[in-house]
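Here is a short report for a reader meeting this structure for the first time. Please keep the sequence and the model at hand.

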Amino acid sequence: MKSPIAILGAGNMASALALHLARHKRPVRLYCIEPDVEEDMRANRCNTKYLAGHRFPKHVTATSDLAAVLKDAEDVFVAVPSFAVAEVIAKAKPFLSPKIKSVASITKGLDPKTLEPLTLSEAKALPTRLRRKVCTLGGPAIAAEMAKGSPTAFVVAGRDKTTISRVKKLLEIEAVKCATSSDLLGVGLASALKNPYAIALGLCDGLGYPTNAKALVLALAIEEMERLVVSAGGHIDTATGLAGLGDLIVTGMSPHGRNRTYGERLVGAKSKHPADLGLGTVEGIAATTLASKLARRRKTKTPLLDAIDLCLRARQNFERPFVQYLKQLKLS
């Protein structure tokens, strides 16, 4: 029997990964805590809630039994929301097999305590033998598009060349390409930072600002991302590559981008809570607060990020700090 692939999570990206990895004909197991999703997968081989329109092969399964998901798995993908990472990793730790050869995280966020990318915190929480086998996946990858076979790219970043090469081989096909990087910190940071800036691009949409404004905001965002990534110890080219610029473009321009949609719906809204705006988890909200703290800690100037933070702290007229920022902006 071929070794299983474990995916911690059963949301849209976790499901798209499962569909993609199923081509290896290895058992693919999703860790799922939502009974309706688990039942849909069992009875219909579908995940209508998160990836409608796709049918999964029989060797892709979903269960809330974490021990069963991880049993004999050689490759583990972490694809849960940022707020759930610490809890899920802690629960998974007793069931991590000595056979594991890679742990790849696609969760994008910052640790509230250390302000470092969650991937680094995940690695520290794992058994010592697995820490160098951790890598992160960044880049412009919208789950629904990847599931349909549209050209997609990831950057696989880590500290161990063998692990990076293994994950790249697992993911790459004609429609999916993978760059590689040793900048684990930079890729993790850029992946988290693009979410706040995607909210700003959404604010442009909500305000009716056309492409001139969005191009300006995009350029300013990448400048700030470069400064913050470098000040934290990452590589400058990470911000202008797939993990930074590439991911920000897709998140800030795509109709599927939840952070962009949140920014758009925030304009003129009476509430800033995602549920009131018809949305689920918006990763950029927590990321904005934490990235702003990181910028202050690193003494890095990030006026656009500061304006987004003010929007999210406001009690009404949420878009006003962003509008004021653009009015008062001076370019050198």
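The report covers helix packing, then cysteines, then a few single residues.

## Ground rules

This is a predicted model, in which local features need pLDDT of at least 70 and side-chain atom pairs count only at pLDDT 80 or more, while totals for chains, interfaces and linings use all residues. Residues are numbered from 1 along each chain as its sequence is written, and side-chain values use heavy atoms, with hydrogens and water left out.

Helices (H or I, at least four residues) and strands (E, at least two) are DSSP runs, numbered from the N terminus. Contact means heavy atoms within 4.5 Å.

## Helix α8 and its partners

Start with helix α8, residues 184-207. The table lists three helices that it crosses. Axes are lines fitted to C-alpha atoms, for helices over the stretch in contact, and angles run from 0 to 180 degrees between N-to-C directions.

| Partner of α8 | Residues | Axes come within | Crossing angle |
|---|---|---|---|
| α9 | 211-232 | 10 Å | roughly 155° |
| α11 | 242-253 | 8 Å | roughly 35° |
| α12 | 258-266 | 6 Å | roughly 40° |

Take α9 first. The axes of α8 and α9 cross at roughly 155°. That makes α8 roughly antiparallel to α9. Angles under 35 degrees count as roughly parallel, over 145 as roughly antiparallel, 65 to 115 as roughly perpendicular and the rest as oblique. The crossing of α8 with α9 is right-handed. A crossing is right-handed if the near helix is turned clockwise from the far one by less than a right angle, and left-handed if anticlockwise. On the α8 side, the contact residues include L185, L189, L193, Y197 and C204. On the α9 side, they include V217, L218, M225 and L228. The residues of this contact divide into 16 nonpolar, 1 polar and 4 charged. Here Ala, Val, Leu, Ile, Met, Phe, Trp, Tyr, Cys and Pro count as nonpolar, Asp, Glu, Lys and Arg as charged, and the others, Gly among them, as polar.

Next comes α11. Its crossing with α8 is right-handed. From α8, the residues in this contact include V187, S191, K194 and L201. From α11, they include A243, D247, L248 and T251. The contact of α8 with α11 divides into 7 nonpolar, 5 polar and 2 charged residues.

Then there is α12. Helices α8 and α12 are oblique to each other. Their crossing is right-handed. I199, L203 and D205 are among the α8 residues that meet α12. R260, Y262 and E264 are among those on the α12 side. The residues of this contact comprise 6 nonpolar, 5 polar and 3 charged.

## Cysteines

How many disulfides does the structure hold? There are 0, a disulfide being a pair of cysteine sulfur atoms within 2.5 Å. Why does C32 have no such bond? The closest cysteine sulfur, in C46, is 14 Å from that of C32, which is too far. For C178, the closest cysteine sulfur is in C135, at 9.7 Å, again too far for a bond.

Both residues lie inside. C32 is buried, at 2% relative accessibility, and C178 is buried at 6%. Buried means under 20% relative accessible area, exposed over 50%, partly exposed in between (1.4 Å probe, protein chains only).

## Single residues

Y31 sits in strand β2, residues 28-31. This tyrosine is buried, with a relative accessible area of 10%. Beyond four places in sequence, Y31 touches ten residues' worth of surroundings that include I7, L8, T63, V88 and K91. Put more plainly, I7, L8, T63, V88 and K91 are among the contacts of Y31. Y31 and D72 are 41 residues apart in sequence and 15 Å apart in space, C-alpha to C-alpha.

D72 is placed in the loop between α3 (66-70) and β6 (75-78). D72 has a positive phi of about 65° although it is not a glycine. At 35% relative accessibility, D72 is partly exposed.

L115 also has a positive phi of about 65°, and it is not a glycine. L115 is in the loop between β7 and α5 (118-125). Is L115 buried or exposed? L115 is buried, at 4% relative accessibility.

S105 belongs to strand β7, residues 102-105. S105 is buried, with a relative accessible area of 0%. Leaving out residues up to four places away in sequence, S105 touches V78, T119, E122, C135, T136 and L137.

E34 lies in the loop between β2 and α2 (35-44). E34 is partly exposed, at 23% relative accessibility. Beyond its neighbours within four places in sequence, E34 is in contact with K49 and Y50. E34 and T63 are 29 residues apart in sequence and 9.0 Å apart in space, C-alpha to C-alpha.
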